[in-house]
Amino acid sequence: MSEAFLDDQPVAPVRFELAGTEPAAAVRDLGGVYGAEEWVARAGDHGFSYRYTAIGDSEVTVRRSQLTGAIRGPMVPAEEYVVGWLTEGTTELDLAGEALEMRPDIPVLYPTDRSYTFAAADYDQRLVHFDRAFVVRVAAEHLDLGDRPLRFDHLAAPVPDAIRSWRVAITGLTRALRVAGPDSDAWRTAKESAARVFLEMFPPHSDRLPAVLFLPKNARLRAAVEHIHAHAAEEVTVTDLSAVAGLSVRSVQESFRRVFDVSPLTYLRQVRLDRVREELLALDPQAGAVGDVARRWGFAHLGRFSASYAERFGEYPKQTLRR
């Protein structure tokens with residue numbers, strides 16, 4: 001669903017705890033939190049146990065995940081922005097062959113626009129979950145980005161000053177929860193402060209949507225377009241866009257033709273090509289691999305991808321990479 005359509009959702013308290021000593025129960029409980037399947041867990045040298053707690057509300061939750069043993073599996077992009085940092089143990093993320101090893105006390109923004117796999121062992125991890133619509137509202141108020149879809153570079157390392165600010169913000173969150181609770185003004189102030197620091201720590205990009213989408217008559221089309229920009233690395237169908245926009249499949253197709261003169265899936269391909277170009281321009285030519293970037297953005301047939309890229313940008317992807 002479009003972030004723009006979520007602004008009026010009521011804020012509800014969140015509090016739960018999951019714990020156990022069986023690998024199968026950990027797969028069920030922890031996988032259930034993130035809507036993931038096919039996880040595998042096993043005991044280690046010190047046996048197996050897990051504990052997962054969450055407290056806050058539907059806009060922001062402070063969480064802690066502890067596990068003795070090992071667990072791994074695939075993850076799909078979450079509907080929330082999730083920042084995590086290790087205090088003990090190991091966690092590694094694998095994004096189509098691109099590895100990211102979490103370092104102690106260094107916050108990481110979990111991928112928001114693509115699937116990945118993870119492997120973790122004997123860890124104690126702290127997390128903060130931000131509702132996407134809440135972050136969009138804070139960004140609109142403080143960063144002059146409007147309410148357009150936000151994109152983040154999950155591989156960007158936060159600078160030391162931002163990490164220090166983040167630690168202060170987390171202290172404020174936990175204090176507000178402990179002293180006043182999630183229905184208090186102190187909590188509302190603390191979570192907005194944490195969202196602002198999050199945006200400073202992982203500066204977002206904002207896709208500039210055509211002005212015509214902000215006309216009232218195009219509100220439903222805008223919801224579909226925002227969904228494409230937010231989920232471009234995932235499988236997106238016209239049926240998905242129909243559900244997001246609250247339009248029939250035929251109306252979605254006609255709306256894209258009317259405003260963009262292309263089909264919905266052609267628009268999706270254009271957005272994906274733009275994302276590939278951004279990554280290629282930022283990559284080290286010696287280390288970059290065009291095929292890996294293309295596949296991350298949904299291009300399985302590299303020959304057709306290369307031709308489409310050249311048609312859109314007037315050069316082949318390898319030429320972009322060598323710039």
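Just after helix 1, Gly-35 adopts a positive phi of about 60°. This is a predicted model, and the end of helix 1 is a friendly place to begin looking around it. A little further on, in the loop between helix 1 and strand 2 (40–42), sits Glu-38. Glu-38 is not a glycine, yet its phi is positive too, at about 65°. Its side of the story at the surface is simple: Glu-38 is exposed, with a relative accessible area of 69%.

Another residue with a positive phi is Asp-122, where the angle is near 45° although the residue is other than glycine. Asp-122 belongs to strand 8. With a relative accessible area of 40%, Asp-122 is partly exposed.

Now step back to helix 1 itself, which covers residues 23–33. Which of its residues are buried? They are Ala-25, Ala-26, Asp-29, Leu-30 and Gly-31. The cover over these buried residues includes strand 1 (13–20), strand 3, strand 4 (60–75) and strand 8. Strand 8 is thus a name to remember, as it is also home to Asp-122.

**How confident is the prediction?**

Across the protein the pLDDT averages 89, and 93% of the residues score at least 70. Confidence is highest in strand 3 (residues 49–57), at a mean of 98, and lowest in strand 10 (residues 205–206), at 72. Over residues 1–7 the pLDDT is below 50, and this stretch has 19 contacts in the model beyond near neighbours in sequence. Where pLDDT is low, the predicted coordinates should not be read in detail.

**Three buried residues**

The table below introduces three residues, each with its relative accessible area and its place in the model.

| Residue | Relative accessible area | Place |
|---|---|---|
| Thr-112 | 7% | loop between strand 7 (108–109) and strand 8 (116–131) |
| Val-225 | 0% | helix 5 (residues 219–230) |
| Leu-273 | 3% | helix 8 |

What does Thr-112 touch, leaving aside its neighbours within four places in sequence? The partners of Thr-112 are Pro-77, Tyr-81, Arg-132 and Ala-230. Thr-112 counts as buried because its relative accessible area is 7%, under the 20% cut-off.

Val-225 is buried as well, at 0%. Setting aside residues within four places in sequence, Val-225 is in contact with Leu-209, Leu-213, Phe-256, Phe-260 and Tyr-267. Arg-167 is elsewhere: its C-alpha atom is separated from that of Val-225 by 36 Å, with the two positions 58 residues apart along the chain.

Leu-273 touches Phe-299, Phe-305, Ser-308, Tyr-309, Arg-312 and Phe-313, not counting residues up to four places away in sequence. The C-alpha atoms of Leu-273 and Ala-310 are separated by 10.0 Å, and these two residues are 37 residues apart along the chain.

**Two pairs of helices**

Two packed helices are described by the angle between their axes and the distance between the axes. Leu-273 leads straight into one such pair, helix 8 and helix 10. The axes of helix 8 (residues 264–282) and helix 10 (residues 302–313) come within 10 Å and cross at roughly 85°. So helix 8 is roughly perpendicular to helix 10. On the helix 8 side, the contact is made by Arg-269, Gln-270, Leu-273, Asp-274, Val-276, Arg-277 and Leu-280, and on the helix 10 side by Phe-305, Ser-308, Tyr-309, Arg-312 and Phe-313. Sorted by kind, the residues of this contact are six nonpolar, two polar and four charged.

At what angle do helix 3 and helix 4 cross? The axes of helix 3 (residues 160–179) and helix 4 (residues 185–201) cross at roughly 160° and come within 9 Å. Helix 3 is therefore roughly antiparallel to helix 4. The crossing in which helix 3 passes helix 4 is left-handed.

From helix 3, the residues that meet helix 4 are Ala-162, Ile-163, Ser-165, Trp-166, Ala-169, Gly-172, Leu-173, Ala-176 and Leu-177. Their counterparts in helix 4 are Ala-186, Trp-187, Ala-190, Lys-191, Ala-194, Val-197, Phe-198 and Met-201. This contact of helix 3 with helix 4 divides into 14 nonpolar residues, two polar and one charged.

Terms used. Residues numbered from 1 in each chain as written. Predicted model: local features only at pLDDT ≥ 70, side-chain atom pairs only at ≥ 80, totals over all residues. Heavy atoms only, no water. Axes fitted to C-alpha atoms, helices over the stretch in contact; angles between N-to-C directions. Helix = DSSP H or I, 4+ residues; strand = E, 2+ residues; numbered from the N terminus. Parallel < 35°, antiparallel > 145°, perpendicular 65-115°, else oblique. Left-handed = near helix turned anticlockwise from the far one by under 90°. Contact = heavy atoms within 4.5 Å. Nonpolar A, V, L, I, M, F, W, Y, C, P; charged D, E, K, R; others polar. pLDDT = per-residue confidence, 0-100. Buried < 20%, exposed > 50% of the residue type's maximum accessible area, 1.4 Å probe, protein only.
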